[in-house]
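Here are my comments on the model, set out as numbered points. They begin with the ligand and end with the domains.

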Amino acid sequence: MRHLMSPLDLSVDELDELLNLANDIEKHPEKYAHACDGKKLATCFYEPSTRTRLSFEAAMLNLGGSVLGFASADSSSAAKGESVSDTIRIISCYADICAMRHPKEGAPLVASQKSQIPVINAGDGGHQHPTQTLTDLLTIRSLKGRLDNMTIGLCGDLKFGRTVHSLINALIRYPGIRFVLISPEELKIPSYIREDVLKAKQIPFTEVERLEDAIPELDVLYMNRVQKERFFNEEDYVRLKDFYILTREKLSLAREDMLVLHPLPRVNEISVEVDDDPRAVYFKQAQYGVYVRMALILTLLGISVE
Ligand code: NCD
């Protein structure tokens, strides 16, 4: 039985296969419409979500399966003090696969150790968000035709942004990847990524504060929101929340073929006037999230469709 805690749980070849499957699902959805007949997905979400939870549910429904679950900690027995280990033992009797989001780093991993069914980490605190990364990789590969030899700008809350951490981990396995880390001093990438991942693997990167300085050289600009829920005090959040706003004017400094990605939700960091620019692909990215989660469910359940 396999779980997905980090994008690194899949080898580069397995990842390639999964992205190919997602592309095939996009082209021929009817082929897959009954692949999961009779199967159930549980979504156990202890933290807010729109896209991740609903795209998981849409993915399972598109495959002919059904879904059950809860959307907040206070509507589950967590509110009574139940541990994730006990909860997953129970869910294992009700469903065939589980997607879990939790505010505590490592909670889905703890659950996976007691689970009888595959567990997918749907975001654990400020740590990792592997299925967002699968979505990001599918978006970049489908629209750029490759995942190697690129300069990727990551802009915003690089400290708490779990999607950024997972994306870096996944992309460093491809040759010719270079990062430009764009953040205010307080929201710089954690040292367990800078030292233990980027420096240890000798991946070229620079750290800058001004988006305008970095944007002209980028193939992909990955923005994220300042992660309000991970701040210890409101004042710091208010001071930093509008540090970056991508406007049409700033985008005019970028290459014609640069892509703008964002895991969403957006708050203020991308002005709505940018949405109509062909380089803005974040809504398309959310659609890719359904195909890639369909591919992941099939892969973890060991179901193949001829
Ligand atoms: C992200 C998350 O939950 O980490 N959202 C998502 O799943 N698309 C990004 C965020 O909340 O900022």
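1. In this predicted model, the place taken up by the ligand is the largest pocket, and that is where I would ask a reader to begin.

2. The residues that surround the ligand are Thr 52, Arg 101, His 129, Gln 132, Arg 162, Thr 163, Arg 225, Gln 227, Pro 263, Leu 264 and Pro 265. By character, this shell is made up of five polar, three charged and three nonpolar residues.

3. Some polar contacts deserve a careful look, and one of them involves a side chain: an N or O atom in the side chain of Arg 162 lies 2.8 Å from an oxygen atom of the ligand. Others involve the backbone, where a polar atom of Pro 263 is 2.9 Å from a nitrogen atom of the ligand, while for a polar backbone atom of Leu 264 the distance to a ligand nitrogen atom is 3.0 Å. Of the 320 Å² that the ligand exposes when taken alone, the protein buries 94%.

4. On the domains, the assignment gives domain 1 as 7-128 + 289-301 and domain 2 as 130-285. Their centres, taken over C-alpha atoms, are separated by 25 Å.

5. How many residues of domain 1 are in contact with domain 2? The count is 32 residues of domain 1, and these meet 25 residues of domain 2.

Technical notes: Residues are numbered from 1 along each chain as its sequence is written. This is a predicted model: local features need pLDDT of at least 70, side-chain atom pairs count only at pLDDT 80 or more; totals for chains, interfaces and linings use all residues. Side-chain values use heavy atoms; hydrogens and water are left out. A residue is near a molecule or strand if one of its heavy atoms lies within 4 Å of it. A polar contact is a pair of N or O atoms within 3.5 Å; within protein, one must be able to donate a hydrogen and the other to accept it, and residues adjacent in sequence count only if both atoms are side-chain atoms. Accessible areas come from the Shrake-Rupley method with a 1.4 Å probe; for residues, only the protein chains shown count as cover. On a 1 Å grid over the protein atoms alone, a cavity is a set of points where a 1.4 Å probe fits but cannot get out, and a pocket is an open set with protein on both sides within 12 Å along at least five of seven lines; lining residues have an atom within 4 Å of a point. A molecule sits in a cavity or pocket if more than half of its atoms lie within 2 Å of its grid points. Ala, Val, Leu, Ile, Met, Phe, Trp, Tyr, Cys and Pro count as nonpolar, Asp, Glu, Lys and Arg as charged, and the others, Gly among them, as polar. Domain bounds come from an automatic or database domain assignment. Contact means heavy atoms within 4.5 Å.
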